[in-house]
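Here are a few exercises to work through with the model open beside you. Try each task before reading its solution.

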Amino acid sequence: MNVDKILTGKKEDKLFLLGNEAAVRGALEGGVSFVSTYPGTPSSEIGDVFSKLAEKAGVYFEYSTNEKVAVEVSAAAATAGLRSFVFMKHVGLNVAADSFMSTAYLGVKKGMIILTADDPSMYSSQNEQDNRIYARIAGVPLLEPADPQEVKDLMKFGFELSEQIHLPVLMRTTTRVSHMRGIVHLNDVIPPKGKGFFEKAPSRCVPIPANAVRMRKELLDKLIEAEKIADGTQVNKVYDFGDEFGIITSGGAFNYVMDVVKENNIPAKILKLAFTYPFPQQLVKEFLSTVKEVLIVEEVEPVMEKEVLAIVGKYKIPVDVYGKLTDTLPRIYEYSPDIVKNGIKKISGHTIKKRRYLKTDITLPIRPPILCAGCPHRATYFAVKEAIKKLKLKDVIFPTDIGCYTLGIQPPYEMADYLLSMGSSIGTGTGFSHATDQKIVSFIGDSTFFHAGLPGLVNAVHNKANLLIVVMDNRTTAMTGRQPSPSEPVNGMGEVAPEISIENSVKGIGVEFVKTVDPYSLAKAKEVFEEALKHNGVSIVISKHPCALITDAERKKKNIWMTFTINQSECTKCMVCVKEWTCPAFYVGKDDTVHIDPLICDGCGVCVQVCPEKAIEVRK
Amino acid sequence: MKAYKIHLAGVGGQGTIKVSSIIGEAAMKKGINVVMSELHGMAQRGGVVTTEVKIGDAHSPVIENGDADLIIGFEPAEILRSIKKASGKTFVIMNSARIVPFTVSLGMSTYLDNPSLIKEAIKKFSHLYIIDAEKLAKRAGNIMSLNMVLLGSAVAMPGFPLEREEIIQSMKESLPGKTIGINLKAFDLGFERIKNM
């Protein structure tokens, strides 16, 4: 499918869209004018599509430095009269939390949607936090779509709701909704508004304590109004397959419930909630009064389950409530048809036929993700390791950060020792430097450095830390799909934009040892790392080389392709390339001969410098 | 229509998502409901990749254990990793060409030789079709067309709910013009190989 169709598709057309693509169409159908984000899986494709379409659509789009900034720019836009949309992965909302909380107090003039893409089972994240709880801390309405069609439809609904009660709206998806593809029926796109106008109203826009105490009260009043809407809205629906067994569900979990109920002819009554905070008390109370037992099916925390128990207690409704708190369903990982089926089976009286499946006892190889062939990070790790070896340093601590380079945790490098969050490697490195006498080498990527590394660096310099920070500048935000980073001369709309120099930034902060190397020149890089490791205080080496996926694409365009091979008569099978360099293009064949797979080889040629026998040469 | 459920198992970079979305687009064009799940992000860096497609009445894009109608296996070890999606009724296409992960050369794990893997697959699956998709892709003109070989073989499977022409139309709409010749040839080679079995 051509991405342009997400913008140009007409009313009544249908498209086979990813949940994330449907969010873009939904925003456009909702008349969005202003969009911001920091890339994070599983939300990244929303930005990828806006990046391609924003200019044509007449929408402002930016990759902000981090999620907090993204919320701030969109909050300002919504207050100035433009419908705004900001999206991020679940942990991004932690970064944005401070400003996010205040947007609820201040409220908005035009619609504002904040989308959080949660990641049950942690396919690409460091935790499994359930951001539905954030709606409750902040006091903002919460929407939970189940599939791409509903993602699209709830975007428009969300903008209207946000404007009706003057609050930002939180939309929670999960990996399985964001990365699910389904048929989406289109509606008309509402053209965006060019510019808004900010009308000054400090009593409503500046939460000094005197204003905040009033705003808190107003916020609670808005939530009462929102609850009435949640009770009556069409987006909360009942699917009635009879009987006195009820199921209350939301988001992606609904899909498993429907499939299991329909395929097994379970006589159940399903209340599917899409507007889930404020929790629609009256609607749920009425539903509970029609059933004798109810199962709550939700991913991850027992959020709705506790709401239901509160209603049951408050109104003394004679109904048995099952869910995570009764161990009927797990409080961990994403659900599946099998998990939902087992949960229903556990409630007495509901027997479902067991399905047989095949098993094997053979041992399968472990296949973890790995740095690509040609990845400059591998060269950086190799050079740093060699420098450490040369200086005979022991017990070096490697605080790491979030990006492809976190894969440095894999053998043989094993250079990822401690990780908390985006930008944390500099703060934790500083902590280790004061708390121990060990040598510290912190690794951080270019995009992550700007995201949240800068405050840590100011802290490190000011508090006189002793550590080496390696900024792995691969000229992009690689892991989420190569979105532009502030160190590149291009922005999210594809316009030429000022390139923020990492070198000048860190020099400005006062770092005395700052050097830039190209990790592809291993010997030179190793020399600089040695020098930096000897430096007392904060030293920074910017290891700069474009991501292999960028250089691959450029070479493909220019039709220049070169690969390497092993001259078997020179090779002594020392295995340095296989066991210490460990590029995925290398493999061991018959009689322990080493080969390079020409299909995987990226032609970077760094292995030529690694081979002690000089046995690697250009394939002719 | 009762959903027809396809599970695709492979390694990052093999093109499983493309195959799934071509099938999905074709189903939508035909007026049949379709849902699909795919995973992005870190797993793509040479890790295990699975995608699932359900054509017909279905809400969730995830297949229950033992409920796949068809498994398209891009890599022998990955087919066996996905074995619990299969029952005795499941049709299985197995590309016999292996991709050995780096953990094997580092001695962290082992990869059974091909005959043992194939023996295990023959023992377990009642409807197994083994093809060397890599060889057929090379014959078509580019090894990167391996996924289209497997798409062709899937369409030739008994019970596959979409017609050959419908899939070809969908391929033409979603693949770049300059590669379409090779890709169609790869598709045909995969299709014919199964038909001739």
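**Exercise 1.** Which residue is the bridge partner of Asp118(A) in β7(A)?

*Solution.* A note before we start: this is a predicted model, in which local features need pLDDT of at least 70, side-chain atom pairs count only at pLDDT 80 or more, and totals for chains, interfaces and linings use all residues. Residues are numbered from 1 along each chain as its sequence is written, while chains are lettered from A and ligands numbered from 1 in the order in which they are written.

Step 1: find the strands, which are DSSP runs of E of at least two residues, numbered from the N terminus (helices are runs of H or I of at least four). Strand β7 of chain A covers residues 169–174. Step 2: look at the pairing, which requires that DSSP finds at least two bridges between two strands. Six bridges join β5(A) to β7(A), and the two run parallel. Step 3: read off the partner of Asp118(A), which is Thr174(A).

**Exercise 2.** Find which strand is joined to β5(A) by six bridges and ends at residue 89, then trace the chain between the two.

*Solution.* Step 1: the strand is β4(A), residues 84–89, parallel to β5(A). Step 2: Phe85(A) stands opposite Ile113(A). Step 3: the chain goes from β4(A) through helix α5 (residues 92–106) to β5(A) in a right-handed β-α-β crossover (with the strands pointing away from the viewer, the path from the first strand over the helix to the second runs clockwise).

**Exercise 3.** Are the two faces of β5(A) buried or exposed?

*Solution.* Step 1: a residue is buried if 20 or more other C-beta atoms lie within 10 Å of its own, exposed if 12 or fewer, and partly exposed in between, with C-beta atoms placed from the backbone. Step 2: in a regular strand the side chains alternate between the two faces of the sheet. Step 3: Met112(A), Ile114(A), Thr116(A) and Asp118(A) are buried on one side, and Ile113(A), Leu115(A) and Ala117(A) on the other.

**Exercise 4.** Where do the buried residues of α14(A) fall when seen down the helix axis?

*Solution.* Step 1: in α14(A), residues 337–346, the buried residues are Pro337(A), Val340(A), Lys341(A), Gly343(A) and Ile344(A). Step 2: they fall within an arc of 160° (taken from the directions from the helix axis to the C-beta atoms), so they line one face of the helix. Step 3: their cover includes α11(A) and β13(A).

Notes: Two residues are in contact if their C-beta atoms, placed from the backbone, lie within 7 Å.
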